[in-house]
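Me: Could you take me through one part of this model closely, beginning with a single side chain and working outwards to the sheet and the helices? Please go step by step, and keep the reasoning visible where burial or strand pairing is at issue.

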Amino acid sequence: MMPSNRPAAPEAAIDFQSAFEAVPSPCLLLDADPPRFTILAATDAYLAATGSARGQLLGLGIFEAFPDRPDDPGATGVRELRASLERVLAQRAPDTMAVQKYDIPRRDGRPGFDPRYWSPINAPVLRADGSVARIVHRVEDVTDYVLLERSAAANDRDAAREETIRRSAWEVQEANRRLKAANEKLRRVQIRLGAALDVGRQGAWEINLATGEIERSPVCDEILGLSGAQGRMTEAELRMSILPEDRARVAASFRDAMAREVIWAIEFRIRRADNGAPRWVRVQGRPFRDTQGRITHLLGVLTDVTQRRRADERQLLLLAELNHRVKNAYAAVQAIVTYTLKGASSLDEARKTLMGRLLALSRAQDILTRTGGGGALLADVVRQTLAPFLGEDTGAARVTNTGPELALAPKAVIALHTVFHELAMNAAKHGALSTPEGRIHVEWSLASKEEPQMVTLTWSEHGGPPVSAPPRRGFGTRLVERSVVNELGGRLETEYRPEGLVLRMRFRLSSWAWLA
């Protein structure tokens, strides 16, 4: 785990990848993961020297990216480079190789290899405990010098060789100077990486598997509720902070990661040490071996993912609610189709009525969609439901509404939209909207003394043809009653006055509506 006394976080994020890529020397940054030695980063100078693109190299083992030439049985490039990298791991010190012939695959799409000669240096990047974390593989292309030497005339061979040696010696000196500069840059990158973890709210930790002690960064302490705590924490103490119902799962995951030597990644719940509050955390770590090949430490990061887990839970609830609404809508469609066809006197009438009712149901869903599924204002439901029945010029004058600003729950939106649609269809056929002089007024008011938690909503028509009670109750009437009584748990009163229909409904404020 990284020391807890690192410098304060910088004000701006640092692009560590770009910092390494800008090193003015052909270099690769390799993971200390023999036998693969995975390529983690490459400088622009290295890409230019090998004719490679960064996407062709990153993530590959160095010997996957640069294998021996298959048609050259005497090729020794892979063997010699692997031996040098192994010496760096064993000795934890830089290793300078002799000039070697190491042909590289063509990167321009043509098959085959290009002959190359290189002067390589491999240097370790050490951790605080002295173990090798990464290897810097630095090369210089000396192909021109070697070919020059071979092509020179016999009488100039010695002079060319001396010149090549001098140039190679100078190159080695220059490489060492650049390597020292690169190591200093990498040291600064490590410091900045620690600061970046703090800015990103990721706590760093390191477990000594021999002693069970855990070193923690300040952000790690903050997540665990140990901010300002002094001294060390043991693995056993951390395990006790895990919620009992998650401990077996965490232990099994840890054993599996250690057995397979893979990155350990798991999310589980803990209780903070300061206030006992439960939090979701994500742990990611990987084991590290010492020079004798023994796994001695586990290093990783800790992230508080409580907000994301809560968002996931809310999303599941929303999906469950959506599923419930879809089922209810399907049931409503079944009922509308069944009773419309049953009560229609002709196929054309059934088609028109059915389409109107299904479109009304669709518009109710549209209202909810525009408000994010959280309901809608009662005045908006009245206005949007009656809009299709009114002319653009006379609509505002023919329909008025008054009442306090009430917010409706989604179920109430659909129920009242259905009621208003059925009433508007009836008014267009037989009532106030069937004549130019007809008017509709929708009024709602809050609780009376006798019923302090009730909303009273009144639909009244006037100015249309004389009204009388119908000889039979149609499906529209039953649909209105079902919406008010069954869906909202309310009560319904209907008066067929000569001057126009008056319908009054009551339902509880706390169940389906509230003051906006």
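**From one residue to the sheet**

Reply: Arg-308 has a relative accessible area of 36% and is therefore partly exposed, since that class covers what lies between under 20%, which is buried, and over 50%, which is exposed. The model is a predicted one, and everything below should be read with that in mind. Arg-308 belongs to helix α11, which covers residues 306-343. Trp-280 is 28 residues away from Arg-308 in sequence, yet their C-alpha atoms are 8.9 Å apart in space.

Trp-280 brings us to the sheet, for the numbering of β13 is 278-289. The sheet is open and consists of six strands, ordered β11-β10-β9-β14-β13-β12, with antiparallel pairing. Its edges are β11 (233-234) and β12 (264-271); each has a single partner strand, so that one side of each is left without a neighbour in the sheet. In general, the strands of a sheet are paired through backbone hydrogen bonds, in either a parallel or an antiparallel arrangement.

The pairings can be followed inwards from the β12 edge. Eight bridges hold β12 and β13 together in the antiparallel sense, and within this pair Ala-265 is placed opposite Gln-284 of β13. The hairpin that these two strands form has six residues between the strands, and there Gly-276 adopts a positive phi near 75°. From β13 the sheet continues to β14 through nine bridges, again antiparallel, with Val-283 facing Leu-302 of β14 across the pairing. In this second hairpin five residues separate the strands, and Gly-293 has a positive phi near 85°. Strand β14 (residues 295-304) is in turn joined to β9 (residues 202-208) by seven bridges in an antiparallel arrangement, and Ala-204 has Val-301 of β14 as its bridge partner. Across β12, β13 and β14 lies helix α10 (residues 244-260), which runs at about 155° to β12.

How burial is distributed around a helix can be examined in α5. This helix, residues 77-91, has 15 residues and spans 21 Å from first to last C-alpha, close to the 21 Å expected at 1.5 Å a residue. Its buried residues are Gly-77, Val-78, Leu-81, Ser-84, Leu-85, Val-88 and Leu-89. Viewed down the axis of α5, these residues fall within an arc of 140°, and they therefore line one face of the helix. The general background is that an α-helix has 3.6 residues a turn, so residues three or four places apart point the same way. The face of α5 turned away from the buried side carries Arg-79, Ala-90 and Gln-91, which are exposed. Among the elements covering the buried residues of α5 are β1 (27-31), α4 (62-65), β7 (117-126) and β8 (132-141). Directly after the helix, Arg-92 takes a positive phi of about 55°.

Helix α13 (residues 378-386) can be treated in the same way: Leu-378, Val-381, Val-382, Thr-385 and Leu-386 are its buried residues. They cover an arc of only 105° around the axis, which puts them on the same side of α13.

A last residue can be set beside the one we began with. Thr-143, in helix α6 (residues 143-151), is buried, with a relative accessible area of 6%, whereas Arg-308 is partly exposed. Leaving aside residues up to four places away in sequence, Thr-143 touches Pro-115, Arg-116 and Tyr-117.

Notes. Residues numbered from 1 in each chain as written. Predicted model: local features only at pLDDT ≥ 70, side-chain atom pairs only at ≥ 80, totals over all residues. Heavy atoms only, no water. Helix = DSSP H or I, 4+ residues; strand = E, 2+ residues; numbered from the N terminus. Expected span 1.5 Å × (residues − 1). Buried < 20%, exposed > 50% of the residue type's maximum accessible area, 1.4 Å probe, protein only. Arc of directions from axis to C-beta. Contact = heavy atoms within 4.5 Å. Pairing = 2+ DSSP bridges. Axes fitted to C-alpha atoms, helices over the stretch in contact; angles between N-to-C directions.
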